[in-house]
Every structure is written in structure tokens, then in C-alpha cells.
Amino acid sequence: MPELRAFLTWQAEAMTIEGQVPEDEVMLPIPADASQLFAIEAAADGKSFVLHGPPGTGKSQTITALIANVLSKGKTVLFVAEKMAALEVVQRRLAAI
């Protein structure tokens with residue numbers, strides 16, 4: 001039963017950006033800065049995290065690039081957003097790619 005408990009709980013931890021993310025192993029259909037690349041790489045490595053920030057900070061751009069990169073590697077993504085508008089923005093951007 002311990003395995004089930006581990007699956008049902010998640011401990012949030014602060015992430016720190018260390019080193020440089022090599023861009024040659026990342027499929028980037030749209031531009032991404034260093035912090036966005038860090039999130040894209042973390043997702044590709046199978047890490048779970050919450051991406052949050054105020055409006056206009058590039059969250060939907062990051063999520064679009066993150067999803068495109070993970071899908072290009074044959075993986076699946078669960079993208080959850082509080083607002084339907086966020087889902088629609090990412091969906092439109094992915095469709096444009």
C-alpha cells in the first residue's frame with residue numbers, strides 16, 4: 001500500500017535554475033528564454049510542477065512550447081488550467097504550429 005500513498009501525494013519543492021539547458025535537444029517551435037527552457041526540460045524529464053505567474057509573463061508561450069516538445073518525443077501531457085481562456089490560448093497556439 002505504500003506505493004499507492006506515494007502516488008496520491010505530491011510535495012511541492014522550489015525549483016532553481018542551474019546551468020544552461022542545451023537547445024539542440026529541444027524542439028522549439030516558438031522562441032523561449034532561459035527560464036522557459038528550464039520548464040520545458042523539466043517536463044521532458046518527467047517532472048511534475050506548477051507553472052504560475054502574473055498575466056503577460058509568457059506562461060501560455062511556455063506551455064505551448066513545453067507541450068509541443070513533449071509530444072515530439074512521443075509522450076503525453078496533462079495540462080490543467082483554472083480558466084478556460086488559458087486552455088483556449090494554448091490550443092490555438094498549438095493548432096498554429
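## Helix α2 and its end

Helix α2 is followed by Gly46, a residue with a positive phi near 85°. The model is predicted. Helix α2 spans residues 34-44, and 8 of its 11 residues are buried, so the rest of the structure largely encloses this helix. The buried set is Gln36, Leu37, Phe38, Ala39, Ile40, Ala42, Ala43 and Ala44. Part of the cover over these residues comes from α3, residues 59-72.

## Overall layout

The protein chain holds 4 helices and 0 strands. In sequence order the pattern reads α-α-α-α. Of the 97 residues in the protein chain, 23% are buried.

Contacts can also be sorted by sequence distance. Take those in the protein chain between residues at least 6 apart in sequence: 52% of them join residues at least 24 apart.

## Two residues in α2

Ala39 sits in helix α2. Its relative accessibility is 7%, under the 20% limit, so Ala39 counts as buried. Beyond its neighbours within four places in sequence, Ala39 is in contact with Phe49, Thr62 and Leu66. The C-alpha atoms of Ala39 and Ala65 are 9.6 Å apart, while 26 residues separate the pair in sequence.

Gln36 also belongs to helix α2. Gln36 has a relative accessible area of 8% and is buried. Residues up to four places away in sequence aside, Gln36 touches Pro31, Gly58, Gln61 and Thr62.

## How α2 meets α3

Two packed helices are described by the angle between their axes and the distance between the axes. For α2 and α3, the axes come within 9 Å and cross at roughly 35°. The crossing is right-handed. On the α2 side, the contact uses Gln36, Ala39, Ile40, Ala43 and Ala44. On the α3 side, it uses Gln61, Thr62, Ala65, Leu66, Asn69 and Val70. Sorted by class, the contact of α2 with α3 has 7 nonpolar, 4 polar and no charged residues.

## How α3 meets α4

Helix α4 covers residues 84-96. The axes of α3 and α4 are 9 Å apart, and the helices pack at an angle of about 50°. The two helices are therefore oblique to each other. α3 passes α4 in a right-handed crossing.

From α3, the residues in this contact are Ser60, Gln61, Ile63, Thr64, Ile67 and Ala68. They meet Val89, Val90, Arg93 and Leu94 in α4. By class, the contact of α3 with α4 has 6 nonpolar, 3 polar and 1 charged residues.

Gln61 of α3 appears in the contact with α4. Gln61 also appears in the contact with α2.

## The nonpolar core

In soluble globular proteins, nonpolar side chains tend to be buried together. Here the largest nonpolar core has 11 residues. Its members are Val26, Ile30, Leu37, Ile40, Ala43, Ile63, Ala65, Leu66, Ile67, Val70 and Val90. Two elements, α2 and α3, give two or more residues each to this core. The largest share, 5 residues, comes from α3.

Some core members also serve the helix contacts. Ile40 and Ala43 of α2 take part in the contact with α3. Ile63 and Ile67 of α3 take part in the contact with α4, where Val90 is one of the partners.

## Asn69 and Glu25

Asn69 is found in helix α3. Its relative accessible area is 1%, so Asn69 is buried. Leaving aside neighbours within four places in sequence, Asn69 is in contact with Glu25, Val26, Met27, Ile40 and Ala44. Of these, Ile40 and Ala44 are among the α2 residues in the contact with α3.

Glu25 lies in the loop between α1, residues 2-8, and α2. Its relative accessibility is 58%, over the 50% limit, so Glu25 counts as exposed. Glu25 touches Asn69 and Lys73, not counting residues up to four places away in sequence. Glu25 and Asn69 are 44 residues apart in sequence, with 9.6 Å between their C-alpha atoms. This contact thus pairs an exposed loop residue, Glu25, with a buried helix residue, Asn69.

Technical notes:
Residues numbered from 1 in each chain as written. Predicted model: local features only at pLDDT ≥ 70, side-chain atom pairs only at ≥ 80, totals over all residues. Heavy atoms only, no water. Buried < 20%, exposed > 50% of the residue type's maximum accessible area, 1.4 Å probe, protein only. Contact = heavy atoms within 4.5 Å. Core = buried A, V, L, I, M, F, W, Y, C linked by side-chain atoms within 4.5 Å. Axes fitted to C-alpha atoms, helices over the stretch in contact; angles between N-to-C directions. Parallel < 35°, antiparallel > 145°, perpendicular 65-115°, else oblique. Left-handed = near helix turned anticlockwise from the far one by under 90°. Nonpolar A, V, L, I, M, F, W, Y, C, P; charged D, E, K, R; others polar.
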